[in-house]
Amino acid sequence: MARTIPVLEIFGPTIQGEGMVIGQKTMFVRTAGCDYRCRWCDSAFTWDGSAKEEIEQLTAEDIWQRLEAIGGRRFRHVTISGGNPLLLAALGELVALLHEKGVQVAVETQGSRWQDWLLDVDDVTISPKPPSSGMDTDWAMLDSIIRKLLADQNRTRRVSLKVVVFDEADLAYAKEVHRRYPGVPFYLQTGNADVEALDTNALRMKLFDQLDWLVERVAQSDELNDVHVLPQLHTLLWGTKRGV
Ligand SMILES: C[S@@+](CC[C@H](N)C(=O)[O-])C[C@H]1O[C@@H](n2cnc3c(N)ncnc32)[C@H](O)[C@@H]1O
Ligand SMILES: Nc1nc2[nH]cc(C(=O)O)c2c(=O)[nH]1
Ligand code: SF4
Ligand SMILES: [Mg+2]
């Protein structure tokens with residue numbers, strides 16, 4: 001019997017709005033459930049119970065059919081996000097099926113859990129959480145995840161670290177992460193403090209101010225020389241709308 005996966009959203013084609021493969025045309029599969037409760041989570045509906053009626057238990061084959069139904073032949077890249085997809089062992093079946101179909105797979109996770117299928121993912125983004133999130137980092141777990149990904153040379157894969165930065169304490173945390181894993185491509189992302197904003201233009205202004213501040217702080221740092229600074233492009237384009 002094929003195992004099922006709790007799914008909250010399947011959408012696209014759109015573009016990856018964040019991190020290492022920003023701009024990549026992709027479909028999204030958003031799973032339900034998270035082991036964290038970040039204060040500023042822009043996808044809290046995946047874990048706070050507010051969308052529990054919308055969760056569907058789908059097999060990998062069901063998910064493929066949905067992707068094809070909405071994406072047709074207009075995609076060859078799928079991003080799995082959440083919640084934390086790494087809570088779900090059954091996602092290994094989806095990763096394998098997508099590869100069989102000739103589709104590349106990306107995953108977004110915070111680096112708190114491991115599944116062996118992560119080794120099969122093409123674009124792995126690990127996003128440890130800074131102090132403003134209210135979460136604590138399990139450094140031993142993060143070390144072990146990075147070590148396993150870097151040790152396995154069996155397939156071509158892109159791995160990156162991405163830290164959301166709201167303030168000086170977050171910036172100090174980002175430096176700590178970058179120092180600890182110097183060889184891993186490192187991304188700093190502007191934080192969106194207003195995840196329920198209704199006025200997209202006003203939100204854009206705030207996000208550009210935040211980006212301006214972050215670029216300036218990185219420019220002044222002698223520890224952050226080999227890093228990338230990015231906004232959430234999808235938030236600049238579409239505000240806090242779901243499913244884009
Ligand atoms: C919703 S999370 C889901 C995947 C996984 N739980 C994680 O946090 O990496 C996807 C990405 O959105 C980022 N994110 C969530 N809320 C945000 C906010 N308010 N501003 C900026 N980035 C945010 C997270 O840091 C993460 O990189
Ligand atoms: N376009 C777009 N890009 C994204 N990158 C990461 C996302 C996420 O919520 O994980 C996301 C999202 O929800 N939409
Ligand atoms: S780890 Fe990701 S999905 Fe979970 S609460 Fe934090 S930002 Fe949201
Ligand atoms: Mg998002």
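Visitor: What makes the pairing of serine 81 with ligand 2 a polar contact?
Guide: In this predicted model, an N or O atom in the serine 81 side chain is 2.6 Å from an oxygen atom of ligand 2. A polar contact is a pair of N or O atoms within 3.5 Å (within protein, one atom must be able to donate a hydrogen and the other to accept it, and residues adjacent in sequence count only through side-chain atoms on both sides), so this pair qualifies.

Visitor: How are things numbered, and what is counted?
Guide: Residues are numbered from 1 along each chain as its sequence is written, while chains are lettered from A and ligands numbered from 1 in the order in which they are written. Local features need pLDDT of at least 70, side-chain atom pairs count only at pLDDT 80 or more, and totals for chains, interfaces and linings use all residues; side-chain values use heavy atoms, without hydrogens and water.

Visitor: What do isoleucine 15 and glutamine 16 place beside a nitrogen atom of ligand 2?
Guide: Isoleucine 15 has a backbone N or O atom 2.8 Å from a nitrogen atom of the ligand. Glutamine 16 brings a polar side-chain atom to 2.5 Å from a nitrogen atom of ligand 2. Of the 320 Å² of accessible area that ligand 2 has on its own, the protein covers 93% (Shrake-Rupley method, 1.4 Å probe). Strand S1 (5–15) and strand S2 (25–31) each give two or more residues to the shell around ligand 2 (strands are DSSP E runs of at least two residues).

Visitor: Which residues are around ligand 2?
Guide: Among them are Phe11, Phe28, Arg30, Glu108 and His234. The criterion is a heavy atom within 4 Å.

Visitor: Which residues come nearest to ligand 1?
Guide: Trp40, Gly83, Gln110, Lys129 and Asn192, of the 21 residues around ligand 1.

Visitor: What makes lysine 129 and glutamine 189 polar partners of ligand 1?
Guide: A polar side-chain atom of lysine 129 lies 2.9 Å from an oxygen atom of ligand 1, and one of glutamine 189 lies 3.1 Å from a nitrogen atom of ligand 1. The protein covers 95% of the 540 Å² of accessible area that ligand 1 has on its own. Strands S5 (104–109), S7 (158–165) and S8 (186–190) are the elements that give two or more residues to its shell.

Visitor: Why is cysteine 38 called buried?
Guide: Buried means under 20% relative accessible area (1.4 Å probe, protein chains only), so cysteine 38 qualifies at 9%. Cysteine 41, at 18%, is also buried.

Visitor: How many disulfides does the structure hold?
Guide: Zero; a disulfide needs two cysteine sulfur atoms within 2.5 Å.

Terms used:
Buried < 20%, exposed > 50% of the residue type's maximum accessible area, 1.4 Å probe, protein only. Helix = DSSP H or I, 4+ residues; strand = E, 2+ residues; numbered from the N terminus.
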